[in-house]
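Me: I am new to this structure and would like to understand the reasons behind the words used for it. Could you take me through them with care?

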Amino acid sequence: MHLLIIFAALTVACWFRCSWTDFQGSWAERWRRALFFFLFPPLLLFMTAIALLCMGPQGKMGGLQTGCFGYVVALSCLGFFAILCLKRAWQGWRSVKSTRSCPLVNIASKQVRLLNTGVLFAGQIGFWQPELVLSQGLLQILSPAHLETVLAHEQGHYYYRDTFWFFWLGWVRSCTVCLPNTEALWQELLVLRELRADAHAALQVDPLLLAESLVLVVSTPPVSPEICCAALASNSAERLEQRIEALLGQPEPISEFNTQFWNRFLLALLPLLTVIFHS
């Protein structure tokens, strides 16, 4: 019976992911839609594994005897997910430690870490309280006006705590890489993250100057770590045109917290109800 529950959860998760299609709309609508399709199937699988763990290896359910194999599968999956989380935390900590070895300087009344490389790089590196990292090449190439737009963009990442939230989203991605459309949804979330930071910066600086800064930075090879980093050029090589069009077009209003959107995730808790039918 446990195996039947696992198979049902996997079927629903795969069907749900396969039903995702690219959506053309405002970045706020795209963000909510992509986040729901990205998070709901893994959350459903996590809750199923937790429900089986609560049931235990023995017992009956719906008049059928339950064995220990499904329990072992659920326990193994949760253990594997925990190991992946620890691995990402270790890699993220190494990135932060490497960043803190860079000298701390004052630029435009902000404290930043100076990266000793000629590559153009700007990014927030860390967890909840990331540090701004700029490369020497960026300071040499960009004018003060363009540098101001870069700082405004990175302030957007800091405002939304992108390094922290995308650490966990990246963990979910690594846990469910075998599900359909995982990579496509991940890339969609990355570009929407950048569009959101661009929109935040456009409220403070000239969008045209920010677009020019994007073109300059994207022309160089990326040097940013994948974990605990939100960089100006993240994912922009693939969808640079989309970001520039958004900057030069009509600015979109910043969306507020949507309770109805988050309420839909409660459906992923349904597997926990199966525990009451187990004896």
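**Reasons behind the terms**

Reply: In this predicted model, strand β4 (residues 110-115) and strand β6 (residues 131-135) run parallel and are joined by 3 bridges.

Me: What makes β4 and β6 count as paired strands?

Reply: Pairing requires at least two bridges between the strands, and β4 and β6 are joined by 3 bridges, so they count as paired. Within this pair, Leu114 has Leu134 of β6 as its bridge partner.

Me: Why are β3 and β7 said to stand at the edges of their sheet?

Reply: The sheet is open, has 5 strands in the order β3-β4-β6-β5-β7, and shows mixed pairing. Both β3 (104-107) and β7 (229-231) have a single partner strand, so one side of each is left without a neighbour in the sheet. On average, and with direction ignored, neighbouring strands here are turned by 40° against each other.

Me: Why is α6 called roughly antiparallel to α7?

Reply: Helix α6 (residues 162-175) packs against helix α7 (residues 182-202) at an angle of about 175°, and their axes are 11 Å apart. Because angles over 145 degrees count as roughly antiparallel, that angle places α6 and α7 in this class. The residues that make the contact include Asp162 and Phe166 of α6, together with Trp186 and Arg196 of α7. Sorted by class, the contact has 5 nonpolar, 2 polar and 5 charged residues.

Me: How do you know that Asp162 and Arg196 form a salt bridge?

Reply: The closest N and O atoms of Asp162 and Arg196 are 2.5 Å apart, and the cut-off is within 4 Å, so the pair qualifies as a salt bridge. Asp162 lies in helix α6 and Arg196 in helix α7, so the pair ties together parts that are 34 residues apart in sequence. Both Asp162 and Arg196 are buried.

Me: What makes Arg30 and Glu188 buried?

Reply: Buried means under 20% relative accessible area; Arg30 has 8% and Glu188 has 3%, so both residues meet the condition. The side chains of Arg30 and Glu188 also meet in a salt bridge, at 3.0 Å from N to O. This pair links distant parts of the chain, with Arg30 in helix α2 (residues 27-55) and Glu188 in helix α7, 158 residues apart.

Me: Why does Arg100 count as exposed?

Reply: Exposed means over 50%, and Arg100 has 53% relative accessibility, so Arg100 counts as exposed. The side chain of Arg100 meets that of Glu131 in a salt bridge, at 3.5 Å from N to O.

Definitions and conventions:
Residues are numbered from 1 along each chain as its sequence is written. This is a predicted model: local features need pLDDT of at least 70, side-chain atom pairs count only at pLDDT 80 or more; totals for chains, interfaces and linings use all residues. Side-chain values use heavy atoms; hydrogens and water are left out. Axes are lines fitted to C-alpha atoms, for helices over the stretch in contact, and angles run from 0 to 180 degrees between N-to-C directions. Helices (H or I, at least four residues) and strands (E, at least two) are DSSP runs, numbered from the N terminus. Angles under 35 degrees count as roughly parallel, over 145 as roughly antiparallel, 65 to 115 as roughly perpendicular and the rest as oblique. Contact means heavy atoms within 4.5 Å. Ala, Val, Leu, Ile, Met, Phe, Trp, Tyr, Cys and Pro count as nonpolar, Asp, Glu, Lys and Arg as charged, and the others, Gly among them, as polar. Buried means under 20% relative accessible area, exposed over 50%, partly exposed in between (1.4 Å probe, protein chains only).
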